Amino acid sequence: MFTRLCLKNFDFMDFSIITENFGIYLEGLWNTAQLVSLSLIIGLLMAIPLAVFVTSKNIFVNGPIRAYVYFFRGTPLLVQMFLIYYGMGQFDAVKSSFLWPLFREAYFCALFAFTLNTAAYTTEIIRGAIVATPHGEIEAAKSTGMSRLLMLRRIVLPSAFRRALPAYSNEIIFMLHGSSIASVITIVDITGAARIVNSRFYSPYEAFLTAAVIYLCITFLIVWSIKKLEARWFAHLRPQE
Amino acid sequence: MKKDMINLHGYGPSILDGTFITITVSLVSLAISMLLGIIGALAKLYGFAPLRMAAQTYTTVIRGIPDLVLMLLVYFGGQVFINQVAPMVGYDEYIDINPFMAGVSTIGFIFGAYMTETFRGAILAVNKGQLEAGNAYGMSGIQVFTRILMPQMVRHALPGFGNVWLVMVKTTALVSIIGLDDMVRKAGLAAGATRLPFTFYAVVAFNYLVITTISIYVLKWLDTRYSAGVIKA
């Protein structure tokens with residue numbers, strides 16, 4: 001009985017809708033790739049100095065960064081995006097400034113929210129990695145007379161990046177998945193494409209399953225690339241043959 | 001300005017209602033995900049081959065797909081599915097899928113995959129000799145599970161469990177997209193009526209911060225409780 005139902009149901013699936021409208025998905029793929037990679041790159045560039053400064057003992061330096069990280073890690077990305085996309089228009093100061101043409105754009109708002117969000121998470125990841133630097137490495141650097149900046153560049157950050165990589169690969173995947181909410185504010189990303197196809201043809205299975213498969217493929221691609229990168233970065237830790 | 005920020009124009013109770021819905025959705029999803037997590041972990045560790053493979057597929061596939069896509073699939077797809085199946089079993093009225101059910105089951109299903117991994121790691125962390133000792137005493141499998149495995153795996157599972165819970169609370173914001181009246185949607189409605197979107201979304205953000213902060217303290221307390229007798233460096 002159940003298999004018959006499923007089979008009958010399968011009959012309703014018509015993937016010609018997808019092949020005929022694959023252009024929308026390609027557009028979505030392009031937008032998702034852009035949003036995710038841009039926000040990840042800018043976020044990482046922001047996070048490195050923030051992570052270094054947050055380890056400072058001066059509360060006026062680490063306090064504001066801590067508050068920023070706390071806010072962005074403690075609230076949903078969706079709410080952050082709404083705060084920026086819908087919220088900014090509430091302030092006349094923003095509306096009359098030169099920034100308004102930017103904040104009026106859904107694409108910019110999504111990018112802005114994603115960047116701030118991933119920067120906060122990445123700051124925390126790198127901070128954890130910096131704090132976990134073995135004491136001996138720092139002593140060795142100091143005893144050879146390195147300046148703080150040189151020590152940071154040559155000793156602390158390279159080893160911190162290695163430790164941060166597994167957690168950061170999770171962050172990349174979270175960002176990819178999180179970016180699907182851009183479809184809520186009218187952006188045609190992969191999810192947005194699926195929503196268009198669903199509303200046009202009333203075909204939820206085909207539309208969303210296709211999106212799911214595309215996301216799954218990208219996720220596997222990312223996981224595979226990170227594995228390659230890990231093999232390179234951790235080459236010196238591999239057991240000798 | 002300050003006064004203006006706090007004035008909710010009478011929408012305070014509505015947001016509060018939404019907050020309770022958010023908390024309810026989180027807790028019900030948590031229960032579902034824990035149940036699935038335990039089943040998944042046991043299937044992965046002790047199940048026979050097809051069961052193990054099913055659990056493996058479940059955790060791999062679910063963790064590769066965005067929550068929102070799955071939720072839309074369950075919500076819209078479930079709607080179509082039910083209305084195709086219902087007439088076949090002799091029910092002819094149109095059935096509306098309840099966004100609460102769709103949201104809770106999707107979130108529970110997704111985070112069940114994360115819980116599976118958390119619980120699997122925690123079970124593996126329990127000293128195997130103790131389980132064997134339990135068997136040697138003639139305890140049944142269920143007895144070993146409830147008396148030896150469970151009390152000890154809680155401690156190992158807590159950090160991962162805490163992370164999953166914190167992520168899950170924030171994921172519940174997505175149910176607003178499929179039309180459930182959680183606090184994000186309530187804020188959206190209030191924002192539309194008062195034209196104060198920033199104010200209302202800021203209130204919602206603050207509520208989430210309160211929930212996560214309280215959760216962190218409770219988790220810390222649980223951690224100390226369950227780590228009683230463990231020597232920490």
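**Exercise 1. Describe the fold of chain B from its order of elements and its contacts.**

Read along the sequence, chain B follows the pattern α-α-α-α-α-α-α-α-α, which amounts to nine helices and zero strands, where helices (H or I, at least four residues) and strands (E, at least two) are DSSP runs numbered from the N terminus. The model is a predicted one, in which local features need pLDDT of at least 70 and side-chain atom pairs count only at pLDDT 80 or more, while totals for chains, interfaces and linings use all residues. Residues are numbered from 1 along each chain as its sequence is written, and chains are lettered from A, with ligands numbered from 1, in the order in which they are written.

The C-alpha trace of chain B spans about 70 × 55 × 25 Å along its principal axes. Of its 233 residues, 38% count as buried, a residue being buried if 20 or more other C-beta atoms lie within 10 Å of its own, exposed if 12 or fewer, and partly exposed in between, with C-beta atoms placed from the backbone. Among contacts (C-beta atoms, placed from the backbone, within 7 Å) between residues at least 6 apart in sequence, 75% in chain B join residues at least 24 apart.

**Exercise 2. Decide which part of chain B should be read with caution.**

Begin with the average: the mean pLDDT (the predictor's confidence in each residue, from 0 to 100) of chain B is 88, and 96% of its residues reach 70 or more. Next, compare the elements: in chain B, confidence is lowest in helix H1 (residues 2-6), at a mean of 50, and highest in H9(B), at 93. Finally, over residues 1-5 of chain B pLDDT stays under 50, and the model has one contact beyond four places in sequence for them. Where pLDDT is low, the predicted coordinates should not be read in detail. For the complex, the predictor gives an ipTM of 0.87 and a pTM of 0.88.

**Exercise 3. Characterise chain A and its helix H8.**

Chain A comes to 12 helices and zero strands. Its radius of gyration, taken over C-alpha atoms, is 23 Å, well over the 18 Å that the globule rule gives for 241 residues, so chain A is more spread out than a compact globule; the rule is 2.2 Å times the number of residues to the power 0.38.

Turning to H8(A), its 26 residues should span 38 Å at 1.5 Å a residue, and its end C-alpha atoms are 38 Å apart, which agrees; the expected span is 1.5 Å times one less than the number of residues. Of these 26 residues, 21 are buried, so H8(A) is largely enclosed by the rest of the structure.

**Exercise 4. Work out how chain B meets chain A, and which residues link the core.**

The contact takes 32 residues from chain B and 31 residues from chain A. On the side of chain B that touches chain A, the largest share, 12 residues, comes from H4(B). By class, this side has 26 nonpolar, four polar and two charged residues, where Ala, Val, Leu, Ile, Met, Phe, Trp, Tyr, Cys and Pro count as nonpolar, Asp, Glu, Lys and Arg as charged, and the others, Gly among them, as polar.

For the core, of the 111 residues in the largest nonpolar core, those touching the most other members include A:Ala211 and B:Val69. Such a core is a set of buried Ala, Val, Leu, Ile, Met, Phe, Trp, Tyr and Cys residues joined through C-beta atoms within 7 Å. Leaving aside neighbours within four places in sequence, A:Ala211 is in contact with A:Ile190, A:Thr191, A:Ala193, A:Ala194 and B:Val69.

Conventions: Contact = placed C-beta atoms within 7 Å.
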